[in-house]
Amino acid sequence: MVKDLLVIPIFIPHQGCPHVCIFCNQTRISGSSRLLITPEAVQHEVRRWLVRENAHGNLHSEVQVAFFGGSFTCLPVETQQGLLAAVQPFIARGEVNSIRCSTRPDCIDSQRLAVLKQAGVSTVELGVQSMDDEVLRRARRGHNAEDTRCAITLLKETGFTTGVQIMPGLPGETFESFMEGVKELTELGPDIARIYPLLVVEDSGLVSPWLLGDYQPLSLDTALDWCSVALSFFEKADVRVIRIGLQPAPSLEGSILAGPWHPAFGAMVESRRWFYYLENCLKPLKEGEWMDVTVSHRDISSVIGINKENRKRLDALGYAGRYRITADRSVAKGSFYAVCKQS
């Protein structure tokens with residue numbers, strides 16, 4: 001029996017999007033080829049998920065219908081209302097608790113939010129991508145950082161759970177400009193965040209610059225570093241990171257031409273963060289000293305790393321035999337303590 005949040009995804013690829021961003025191919029990314037989602041299709045998908053969960057005996061503390069992929073609030077208001085109305089019978093019967101949607105920062109205003117609020121939408125995620133106006137221009141986003149500032153402020157004032165999606169590795173972006181954006185977002189105070197490193201996907205506007213050598217995506221190793229630092233900044237600001245890296249799907253994996261792709265990217269980022277924690281613990285060691293590090297049993301696989309990657313990196317830095325990592329059930333997940341000892 002499972003008790004947690006169930007998110008029922010409804011993909012609306014490109015619907016409502018007033019621009020085609022340089023990185024975008026929503027059909028490949030979402031795995032959905034349906035370019036027009038009707039209210040009837042929404043109801044069919046919600047029923048399918050509910051029947052499946054009931055058949056497996058799964059219990060959920062909350063069930064949420066989520067409109068992903070397009071720019072929901074950029075749709076004509078009649079279309080928005082039709083899609084939202086399709087969910088209302090499930091909410092009335094207590095089978096669905098709330099609705100989530102993703103959209104653009106420049107498609108947020110009081111009138112649009114009133115439509116969402118009336119229909120039971122509780123969470124709005126913004127495709128921020130960057131807080132650097134030049135990077136946004138080169139990505140053909142069609143909005144600027146000020147749009148994001150205004151949208152987050154209005155969403156929070158109106159009582160919505162507010163999410164942001166960022167995309168490290170956009171053309172023209174540096175680690176410094178990326179982190180400046182992350183820091184500004186933490187100051188704006190969203191509730192949740194997603195981190196999606198940029199990939200070169202078939203039929204996107206990035207293909208030609210990449211082939212010509214005008215754009216070079218982040219390497220996997222560099223992307224892990226960028227994302228691990230961003231993850232730490234978000235979590236220190238009480239912004240919950242709910243996804244790192246795109247969800248693996250056959251349509252996506254078969255269409256990636258370049259970029260930092262790995263099906264376990266999120267786990268690798270968490271492990272990279274632990275590597276830096278351990279390295280910082282070991283740096284002050286003096287001759288004849290070693291470090292006894294105790295972590296939660298729930299973190300031990302991340303601490304050691306995939307294929308013992310963290311151990312190998314620490315040993316290569318000269319710390320072999322100078323540390324011990326122990327798992328303890330009494331230690332809270334995400335926490336650790338380190339004690340320096342004499343050899």
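1. The axes of helices H5 and H7 approach to within 11 Å and cross at roughly 40°. That angle makes H5 oblique to H7. The crossing of H5 past H7 is right-handed. On the H5 side the contact is made by Ser110, Leu113 and Lys117, and on the H7 side by Leu154, Leu155 and Thr158. The model is a predicted one, and the points below should be read accordingly.

2. H7 itself covers residues 145–158, which is 14 residues. From first C-alpha to last, H7 reaches 20 Å, close to the 20 Å expected at 1.5 Å a residue. At the start of the helix, a side-chain oxygen of Asn144 comes to within 3.2 Å of the backbone nitrogen of Glu146. Just after H7, Gly159 has a positive phi of about 90°.

3. The buried residues of H7 are Ala145, Thr148, Ala151, Ile152, Leu154 and Leu155. An α-helix has 3.6 residues a turn, so residues three or four places apart point the same way. The buried residues of H7 pack against three helices and two strands: helices H5 (110–118), H6 (133–138) and H8 (175–188), with strands E4 (121–129) and E5 (161–166). Leu154 and Leu155, listed as buried, also belong to the contact with H5.

4. A second helix pair is H10 (residues 220–236) and H12 (residues 265–282), whose axes lie 8 Å apart at an angle of about 75°. H10 and H12 are therefore roughly perpendicular to each other. H10 contributes Leu220, Asp221, Ala223, Leu224, Asp225, Cys227, Ser228, Leu231, Ser232 and Glu235 to the contact. From H12 come Phe265, Met268, Val269, Glu270, Arg272, Arg273, Tyr276 and Tyr277.

5. H12 has 18 residues and spans 26 Å from its first C-alpha to its last, close to the 26 Å expected at 1.5 Å a residue. Its buried residues are Phe265, Met268, Val269, Ser271, Arg272, Arg273, Trp274, Phe275, Leu278, Glu279, Cys281 and Leu282. The list includes charged side chains, among them Arg272, Arg273 and Glu279. Arg272 and Arg273 also take part in the contact with H10.

6. Arg194 sits in strand E6 (residues 192–195). With a relative accessible area of 12%, Arg194 is buried, since the cut-off for that term is under 20%. The side chains of Arg194 and Glu125 are joined by a polar contact of 2.6 Å. Apart from neighbours within four places in sequence, Arg194 is in contact with Phe68, Arg100, Glu125, Val164, Gln165, Ile166, Ile242 and Arg243.

7. Asp299 lies in the loop between strand E10 (289–296) and helix H13 (300–304). At 2% relative accessibility, Asp299 counts as buried. The side chain of Asp299 reaches the backbone nitrogen of Gly334 at 2.5 Å. Leaving out neighbours within four places in sequence, its contacts are Trp274, Ala332, Lys333, Gly334 and Ser335. Trp274 is one of the buried residues of H12. The C-alpha atoms of Asp299 and Val124 are 31 Å apart, with these positions 175 residues apart along the chain.

8. Ser71 is in the loop between strand E2 (62–68) and helix H3 (77–85). Its relative accessibility is 3%, so Ser71 counts as buried. Ser71 and Arg48 are 23 residues apart in sequence, and their C-alpha atoms are 24 Å apart in space.

How values were computed: Residues numbered from 1 in each chain as written. Predicted model: local features only at pLDDT ≥ 70, side-chain atom pairs only at ≥ 80, totals over all residues. Heavy atoms only, no water. Helix = DSSP H or I, 4+ residues; strand = E, 2+ residues; numbered from the N terminus. Expected span 1.5 Å × (residues − 1). Buried < 20%, exposed > 50% of the residue type's maximum accessible area, 1.4 Å probe, protein only. Contact = heavy atoms within 4.5 Å. Polar contact = N/O pair within 3.5 Å; in protein donor to acceptor, adjacent residues only side chain to side chain. Axes fitted to C-alpha atoms, helices over the stretch in contact; angles between N-to-C directions. Parallel < 35°, antiparallel > 145°, perpendicular 65-115°, else oblique. Left-handed = near helix turned anticlockwise from the far one by under 90°.
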